[in-house]
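Notebook, one sitting. I wanted to look up the cores first, then one helix residue, then the pockets and cavities.

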Amino acid sequence: MTAVTKVAIAGAGVAGLAAAIQLAKAGVEVHVYDSKPELSALGSGITLQGNALRAFDTLGVWDDVRAEGYFFEGLTLRAPGPDAPVVAELPDVKTGGPDFPATGGMYRPDLARILLRHAEAAGATVSFGSSITGVSQTPDGVSVEIGGRPAGTFDLLIGADGLNSQVRRLIGIDTAPQPTGMGIWRAFVSRPSSVERSELYYGGPVYIAGYTPTGEDTMYAFLVEAAQERQGLTDEQATAIMIEESAAYGGPWNDIRADLAQGAQVNYTWFTQHIVPAPWNRGRAVIIGDAAHSCPPTIAQGAAQALEDAVVLTELLVAADAVDDAFWEAFHARRVPRAQAVVEASVQLGQWQIDHDPDADAPGLMFGIAHRMAEPA
């Protein structure tokens, strides 16, 4: 017996669809509402560490993810310059345990499609173009409005609707993401055969230049800079900036710039950070994933933590008899300290990079800090 029989989920992202898969498989009636008109994700890549892969296995989607992505062991450090000399080739922490690769990359829209397909196959109903505009508590549940109209009463509302969560606002939680001072350019490009795992360049005109394989012929490249106002740029202007800022980096970056010059899509976002203090719920409504916490991608744990939220929440819901104080205490005890530690580690590493001169400090030292910070995750 599960603690719930009918659940509404706001957001068809990683956290929302993961929760939908697990609850629908347990026989719960699941309705997912997403404000976007259709399934979408930024058209670049995502880095997935071992604990994310372990969560995919729990969901039953690991075989599909493995088939679509590119997975590997270790990380290469290079220095800026025309020859892009290799500084070190280092092992990665296997955060998912010995049964999974240490790290992988994949095309974000491919991951979104896999999760949606499994959620619908499990029996969840997913509605796009459906914004949750009202939430009100009842003695035994929560009533939800979509577009100003009643959508029904549910045993639980899961707000997995991202950084700018509407559910977070509607249930009265004021904590919101704050910029960290860094911004990132991303582009989805072709993979040279020489690139077999993630490679990072420290030093030069930006904080980090890097790329991660996402498939046999694809990878995503990124540049982390001091955050700037980049609104209103044309595609051509954005591409020109990424080409210019990567000019100090040789090796595979020469191939990346060639792809950029031929029209590879570029996007830009700021790094943010926040952690909502416990409790993440207000009555029968709870937030998870980026709605509850965000961290800069300096240790590649954003999606992994969202997945862990969903897996832990649904595991407890399936095992419990009631959504009561003891249930919420168990959930928060498992998730809040862990998410907080990851957010703090990610922010600390980013701040270290902001405060230090990358040309004066050893790149290996910077990676060593990142490597150690990843271990608890």
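By nonpolar core I mean a set of buried Ala, Val, Leu, Ile, Met, Phe, Trp, Tyr and Cys residues joined through side-chain atoms within 4.5 Å. The model is predicted, and I read every entry below with that in mind.

**Cores.** I looked up the largest nonpolar core and found 76 residues in it. Phe-56 and Ile-158 touch the most other members. I then asked which helix gives the most to this core. The helix is α8, residues 302-319, with 10 residues. Another core lies apart from it and has 22 residues, including Val-195, Ala-238, Met-242 and Val-266. I note as background that nonpolar side chains in soluble globular proteins tend to be buried together.

**Ile-158.** I listed the residues that Ile-158 touches, leaving out those up to four places away in sequence. From the low-numbered part of the list I wrote down Val-7, Ala-8, Ile-9, Ala-10, Ala-19 and Leu-23. The list also holds Val-286, Ile-288 and Leu-313.

**Ala-303.** I picked Ala-303, which lies in helix α8. Is Ala-303 buried or exposed? Its relative accessible area is 17%, and the cut-off for buried is under 20%, so I entered Ala-303 as buried. Beyond its neighbours within four places in sequence, Ala-303 is in contact with Val-14, Ile-46 and Leu-48. I also checked Ala-15: its C-alpha atom and that of Ala-303 are separated by 7.9 Å, with the two positions 288 residues apart along the chain.

**Second largest pocket.** I got a volume of about 350 Å³ for the second largest pocket. Its lining has 21 residues, and Trp-185, Ala-238, Val-266, Asn-267 and Tyr-268 lie nearest its centre. The elements that give two or more residues to this lining are α6 (235-245), α7 (253-261) and β17 (266-275). I recorded β17 as giving the most, with 5 residues. By class I have 9 nonpolar, 8 polar and 4 charged residues in the lining. Two of the names were already in my notes, as Ala-238 and Val-266 are also members of the 22-residue core.

**Cavity.** How many cavities of 30 Å³ or more does the structure hold? I found 1. The largest cavity has a volume of about 40 Å³. Its lining is made up of Asp-290, His-293, Ser-294, Cys-295, Gln-301, Gly-302, Gln-305, Ala-339 and Val-343. I noted that β20 (293-294), α8 and α9 (325-355) each supply at least two of these residues. The classes are 3 nonpolar, 5 polar and 1 charged. Helix α8 thus appears in my entries for the largest core and for this cavity lining.

Terms used
Residues are numbered from 1 along each chain as its sequence is written. This is a predicted model: local features need pLDDT of at least 70, side-chain atom pairs count only at pLDDT 80 or more; totals for chains, interfaces and linings use all residues. Side-chain values use heavy atoms; hydrogens and water are left out. Buried means under 20% relative accessible area, exposed over 50%, partly exposed in between (1.4 Å probe, protein chains only). Helices (H or I, at least four residues) and strands (E, at least two) are DSSP runs, numbered from the N terminus. Contact means heavy atoms within 4.5 Å. On a 1 Å grid over the protein atoms alone, a cavity is a set of points where a 1.4 Å probe fits but cannot get out, and a pocket is an open set with protein on both sides within 12 Å along at least five of seven lines; lining residues have an atom within 4 Å of a point. Grid points are joined across faces, edges and corners, and a volume is the space filled by probe spheres set on the points. Ala, Val, Leu, Ile, Met, Phe, Trp, Tyr, Cys and Pro count as nonpolar, Asp, Glu, Lys and Arg as charged, and the others, Gly among them, as polar.
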